[in-house]
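Visitor: Before I rely on any label attached to this model, I would like to hear the value behind the label and the cut-off against which the value is set. Could you take me through it in that manner?

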Amino acid sequence: MSPPPRRLVASRRVVERLALGWAVLLLVVFAWRLAFPLELEWMEGGLLHQARRIQLGQSPYPPPGADYVPFLYTPLYSVVLAGLGFVVPLGYALGRAVSILAWVATGLALWHAVRGEDKPRAHAAAAVGLACAGYVFTFRWLDLARPDTLHIALVTWALVLLRRSGPRASLAVWAGVLMALAFWTKQTAASFVIASGLGVLLVNWRRFGLYAGTIALLDGAGVLLGNWLTEGWLWTYIYELHQSHAFNHERFTTKTWGMFVHAWPAVTVVVFGLVSVGLGRVPARLRRWRASRHSRSGESGESGESGAESVEAGVDSESGASNTGVDASSKATEIDPARGGRARAYWTLMALAGLLVSALGYSTQWAEPNAFIPGVVLGALALAVALPVGGWGEVLSLALVALQLLSCLFVEPLYHPVQKKGLAGLSESYAWQDPWRTLPDAEVWERASALRAEIEACPGEIFALHRPWWSVLAGGDGHVGSMGVTDVGPEERRTIEKALRESVKQGRYAWVWVEGEAPRWLAGALLRGYRVERRRHGAQRVRPMSGYMSEAGMVTPYRRDQLLLVPRGPRPLPAGATVVADFEDRTLDGFATEGPAFGRPQRGSPRSLPLAGPYGGEYLLTSAGVRGDLKLTGTATSPLVSLPEKGHLEMLLGFAGRRPRGLSVWLEEDGGGGRTVRLDVPATPHSLSTVRWEITPAWSGVQIRVRLADHSPKAALYFDDLWVVEQADPR
């Protein structure tokens, strides 16, 4: 029984409108994020750094050093940025604009690919819509200043041109050019080179030589030339160092495929249905094929007449479903079933290649789900080509596609519960979409703008291990990034780390920005020459919006602090201030202690604890002792402090541990009055904040003592710069 024509038309119309909605929504998201003043993803700045080197005529693949180590990608994306950077400013917005245009090109390629197979417009819309709906699944990567989107645009267009190259040899050459450029954008295109080499046999085997020869010339000869120009470093970066990365077999064999099913359950049902129907038709097709070998010419004519009658009746010769209401473009598929079979075989092969590339990419050490982009794009394309035309099969398939498009709009897949608990975590593995995990709101934008203004006004050179472009924003030349230090071999890594330590020891940098905590190899040098000036905690951090370090991070949100360190030195005293204690002479400045805590001042925070600050000079007092032992307890009481008639008492307070419970600071009146005041310990861990206590008339001229108490075995108190600030008489 065939569906009513209006139901078929309605199902197509729903998919078309949902796909259009996704495309428009994504363009709005792209426009919103385009001009974000700092990194949307932490490695954006490294690509800009490489583009700047190309602009300056420097090698993008030099020997690794403290000034620069490239990402392990081929260079075309950075070359494009470098060229465009002569016309418009080289920066985050330019890099993102290139990716956005590449995604528009990818959408056009999907549309032309499906329509080129004489499929209905709704099927082409389904391909575009599903690819756009994979935005969150691929970790909001498509609009970043990264090469991934340009890579998939080149791959997709290469495959489209190759598919159409049967009657036109020039298209095979252009397909080879685009696939070669895809390799020069991201070397994972090598897998598509192999898959498309098989795919060209389905198109026209005579085009194999032109296609493969073009790629061999541009990629093979290009690698040889590039390797010669870089004295062998090109091959080291784009191949050899990749081989040193660990391979996660569980991600390859289980997690990648599980994540696709988890993120696209409705699409999985469609794929299962198509495969089941296809397998069910195999016996009948084999029988027809055997019969055709023994048939006479007259029998062949009868068969052809029968096929013509089925088309005339509007019935799919394979499925037997009515095509009433199907647009004219679908009839070509019915008239030429061999072409439809080749189309499905070609694009299924490319989708399998995309899934394989996704699995291999995600299984590599430090990979993120941007690796899923090829599987999402080519999977959506192959599905759209394979969708049945006409009958209940199309209606049901499009209904499931529409359901998937809707669910992606409202539901975000979460992987951590499933990875941790297996099927038991399935109920926790979906969450309602939160647009502010993707879009920077006004407050986030304001913080990022303010931080960028600070960076650009920095009085000297900046070192930001995770954000090398900040050095350029401050007027510097850039430096190696954290990923570059990690990517190189052990010997080169030790050399780079030593050079950076020496730069820090020499006080080369006016500011040092640290994400989380300083790495062990750098922490000692920082402790000797720098102190924490600011610790951004929680909502005060300026996080990327995608990938590692973002709120929408790999499996759990990134929560670590962002630190600004400056060269050690005293804090400026306000007018009328008298220093009671700053511990810069390495003594307790008259504080009397009880218990093992507060033994002696520390030169910065203990190494076993996160860097604390800000504090003044080089020394501060902590109840954690030299070794940073939170279990130590005790008290420290200041000498007598005479309060002026007007003014305030000022000090720096903070704590180490999860919460300041059991830590206290008291002001105690001397001379038998017995009055006390308890001061609150600021609640941000490892961050010393200025605490002021205004002197009221009731306390004017009174002598007090400041008593620090640590009665907690799970926390420690930080204390520094106890000042009395007298307010001048306005007369």
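**Labels and their cut-offs**

Guide: Let me begin with the lining of the largest cavity, whose residues divide into 11 nonpolar, 8 polar and no charged; here Ala, Val, Leu, Ile, Met, Phe, Trp, Tyr, Cys and Pro count as nonpolar, Asp, Glu, Lys and Arg as charged, and the others, Gly among them, as polar. The model is a predicted one, in which local features need pLDDT of at least 70 and side-chain atom pairs count only at pLDDT 80 or more, whereas totals for chains, interfaces and linings use all residues. Residues are numbered from 1 along each chain as its sequence is written, and side-chain values use heavy atoms, with hydrogens and water left out.

Visitor: What makes a space a cavity, and how many of 30 Å³ or more are found?

Guide: On a 1 Å grid over the protein atoms alone, a cavity is a set of points where a 1.4 Å probe fits but cannot get out, and its lining residues have an atom within 4 Å of a point. A search of the whole structure gives 3 cavities of 30 Å³ or more, and the largest has a volume of about 120 Å³, this being the space filled by probe spheres set on grid points that are joined across faces, edges and corners. Its lining comprises 19 residues, with G46, V69, F71, P468 and G481 lying nearest the centre.

Visitor: Which helices each supply at least two residues of that lining?

Guide: They are α2 (44-55) and α21 (482-487), and α2 gives the largest share, 4 residues. A helix here is a DSSP run of H or I with at least four residues, a strand a run of E with at least two, both numbered from the N terminus. By that count the protein has 23 helices and 18 strands.

Visitor: Why does R146 count as buried?

Guide: Buried means under 20% relative accessible area, exposed over 50%, and partly exposed in between, with a 1.4 Å probe and protein chains only. R146 has a relative accessibility of 3% and therefore counts as buried, although its place is in the loop between α5 (121-133) and α6 (148-163). Of the 731 residues of the protein, 52% count as buried.

Visitor: What makes the link between R146 and Y73 a polar contact?

Guide: A polar contact is a pair of N or O atoms within 3.5 Å; within protein, one must be able to donate a hydrogen and the other to accept it, and residues adjacent in sequence count only if both atoms are side-chain atoms. The side chains of R146 and Y73 are joined at 2.5 Å, so the distance satisfies the limit of 3.5 Å. Under the looser criterion of contact, which is heavy atoms within 4.5 Å, and leaving aside neighbours within four places in sequence, R146 meets E41, M43, L47, Y73, Y77, S99 and W141.

Visitor: How do you know that D148 and K186 form a salt bridge?

Guide: The term requires a side-chain nitrogen of Lys or Arg within 4 Å of a carboxyl oxygen of Asp or Glu. For the side chains of D148 and K186 the N to O distance is 2.6 Å, and the pair is accordingly listed as a salt bridge. D148 lies in helix α6 and K186 in the loop between α7 (169-185) and α8 (189-203), so the pair ties together parts that are 38 residues apart in sequence. Both D148 and K186 are buried.

Visitor: Is the salt-bridged pair R508 and E461 buried, or partly exposed?

Guide: The side chains of R508 and E461 meet at 2.9 Å, N to O. This pair links distant parts of the chain, with R508 in the loop between α22 (490-505) and β4 (511-515), E461 in the loop between α19 (442-456) and β3 (462-464), and their positions 47 residues apart. R508 counts as partly exposed because its relative accessibility is 38%, and E461, at 26%, also counts as partly exposed. The structure holds 27 salt bridges, and E39, R467, E515 and R541 are linked in a network of them.

Visitor: Why is S78 called buried?

Guide: S78, found in helix α3 (residues 76-84), has a relative accessible area of 1%, and so it is buried. Not counting residues up to four places away in sequence, S78 touches L47, Q50, A51 and I54.

Notes:
On a 1 Å grid over the protein atoms alone, a cavity is a set of points where a 1.4 Å probe fits but cannot get out, and a pocket is an open set with protein on both sides within 12 Å along at least five of seven lines; lining residues have an atom within 4 Å of a point.
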